[in-house]
Every structure is written in C-alpha cells, then in structure tokens.
Amino acid sequence: MPTDTRATRLAVLISGGGSNLRALLDVIAADAGFGGEVVVVGSDRTDAAGLEHARTAGVATVVEELPRGADAATRAAWEQRLTEGLAAHQPEVVVLAGFMRILSGGFLARWPDRVVNTHPSLLPAFRGAHAVREALAHGVKLTGCTVHLVDEEVDHGPILAQEAVPVLPGDTEVALHERIKAVEHRLLPACVRALCHDHVTVVGRRAEVRLAPDTAEQELHP
Ligand code: GRF
C-alpha cells in the first residue's frame, strides 16, 4: 500500500463463475485494513457469470471477447483493447482469478511483479487448464492451490503461497475443485493483501511474502 495509505487499485480478470472474485470482494469489504479496492473487473467472455459479482458490487467491467482460433494479429489487437480498457481505471495490481487466456510479455511489463494468478494445483505439478482433472487421473493423494506472480510461461512465476488439499476416495473433478476453491478463496485475498501492503519481495524465482497472521494457515516462505 502506498505510504499515503491510499488503497491500492486492483483489476481482476475472470473468464467464468468468479467465485474467487466474489471472495476477494467479500474479504475487502470485511477488512478495513486490507489496503486495496477492486476498481475494474475484466473478462474475455460476455457470458462470464462472475461479471454479475462486479455489477452487484458497483465495480466497472471491461469485456473484450476473443474469438476461438484467433490468429496472432487478432490476439494482439484483443490484448491491446483489454489493456487499454483496464488501464483507463489505473490499476496497480492485476489479479487473474480464473482468467483462461495467456497474457503477453507486453501486458506483464506494464505491471511488473504485480500480476498475480491462482492455480488449482501445487505447482510445478499439473500446469495448464486441466490441473484438477490431471491430478485426479494421476492418482495423487494430495493436490492443492498455488498463488503466484505471473511471468511469460504458463503457471510458472514466483510462488507467493501454496496450500495442500487432500484427494478423497470417490472424488469427482467437481468435488475436488470445490475443495480446492474453498482454500483459494482464503489464500488469494491474503496474497493480494500482502501485495497491497508491499509485503512481497522477489529475488529471482523466490518470493518472500509476509501474510497477515490470521489470513493463512501457513506460510511456506518464511
Ligand atoms: C480457480 O480454481 C482458479 O484456480 C482456476 O479457475 C478457477 C476459477 O474459479 N484458474 P472461479 O471462476 O473463481 O469460481
């Protein structure tokens, strides 16, 4: 958080149901010391159900659809429109909360070490769009979630926090994903809060994160 105690301006990008967006909005509303406010929610899909959470909270939305199979030039133009739409709201931190598109180095360079993603596995295991399905298929007994800074490789940047979630007998993909999301709903806001308070230091791949004591069960980067 800047020294003048002004709230850090947050953009959140979503593609789907937006339960992580909802959780972040709820945590911010309940925590006077959070140090951040969501100023814009962006999406690549007009039908993203989570946009409703933004509208209910009175947060501006920016929607830029990207057609399936778009070529490189179309993708670049799409990203430019999305970037400009977000930038108009002057965000300082960008939160990817179930955003299913890959962002270029140009986008990331605009918010260095300030684009954060939540992923439903214990990275580096099960990167990509089907992490929960692949963890189940592999037969792991523990999976979890990872909140990390975004770099140019998919699900790869410096890890801010991780937490394990058990795989239970008879689990379906939906049941396991819901159990993981319940943890994400706590861990992602905790990491965003740390970014708002400048409690994140990055050296190479290693991030040191000072999480508020009551917002995370464990800190894996003491
Ligand atoms: C989360 O599990 C996130 O890790 C993954 O997509 C899911 C988004 O869920 N990338 P929601 O839209 O926030 O409910």
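In this predicted model, the largest pocket sits between two domains: domain 1 (7-112) and domain 2 (118-222) both contribute residues to its lining, so the pocket lies between them. Its volume comes out at about 1200 Å³. The lining counts 42 residues, and those closest to the pocket centre are Ser15, Gly98, Phe99, Met100 and Ala129. In terms of chemistry, the lining splits evenly into 14 nonpolar, 14 polar and 14 charged residues. Four elements each put at least two residues into this lining, namely helix H1 (19-30), strand E5 (115-119), helix H5 (131-138) and H6. Of these, H6 gives the most, with 4 residues.

H6 deserves a closer look. This helix covers residues 173-196, and at 1.5 Å a residue its 24 residues should span 34 Å; the end C-alpha atoms turn out to be 33 Å apart, so the expected and modelled spans agree. Along the way, H6 bends by about 30° at Glu184. After the helix comes Asp198, whose phi is positive, near 55°.

Back at the pocket, Phe99, one of the residues closest to the centre, also turns up in an aromatic pair. Searching the whole structure gives 2 aromatic pairs. In one of them, the ring centres of Trp78 and Phe99 are 6.4 Å apart with the planes at 10°; planes under 30 degrees apart count as stacked, so this pair is stacked. The two partners come from distant parts of the chain, 21 residues apart: Trp78 belongs to helix H3 (residues 72-87), while Phe99 is in the loop between strand E4 (93-96) and helix H4 (105-110).

A couple of backbone details in the loops round things off. Gln90, in the loop between H3 and E4, has a phi near 50°, which is a positive value in a residue other than glycine. Further along, the peptide bond joining Leu123 and Pro124 is cis, with omega at about 10°. Pro124 itself is found in the loop between E5 and H5, and both of those flanking elements supply at least two residues to the lining of the largest pocket.

Notes
Residues numbered from 1 in each chain as written. Predicted model: local features only at pLDDT ≥ 70, side-chain atom pairs only at ≥ 80, totals over all residues. Heavy atoms only, no water. Expected span 1.5 Å × (residues − 1). Bend = angle between axes of the 7 residues up to and from the residue. 1 Å grid on protein atoms, 1.4 Å probe; cavity = no way out; pocket = protein on both sides within 12 Å on 5 of 7 lines; lining within 4 Å. Points joined across faces, edges and corners; volume = space filled by probe spheres on them. Nonpolar A, V, L, I, M, F, W, Y, C, P; charged D, E, K, R; others polar. Domains from an automatic or database assignment. Phe/Tyr/Trp six-rings, centres within 6.5 Å; stacked < 30°, edge-to-face > 60°.
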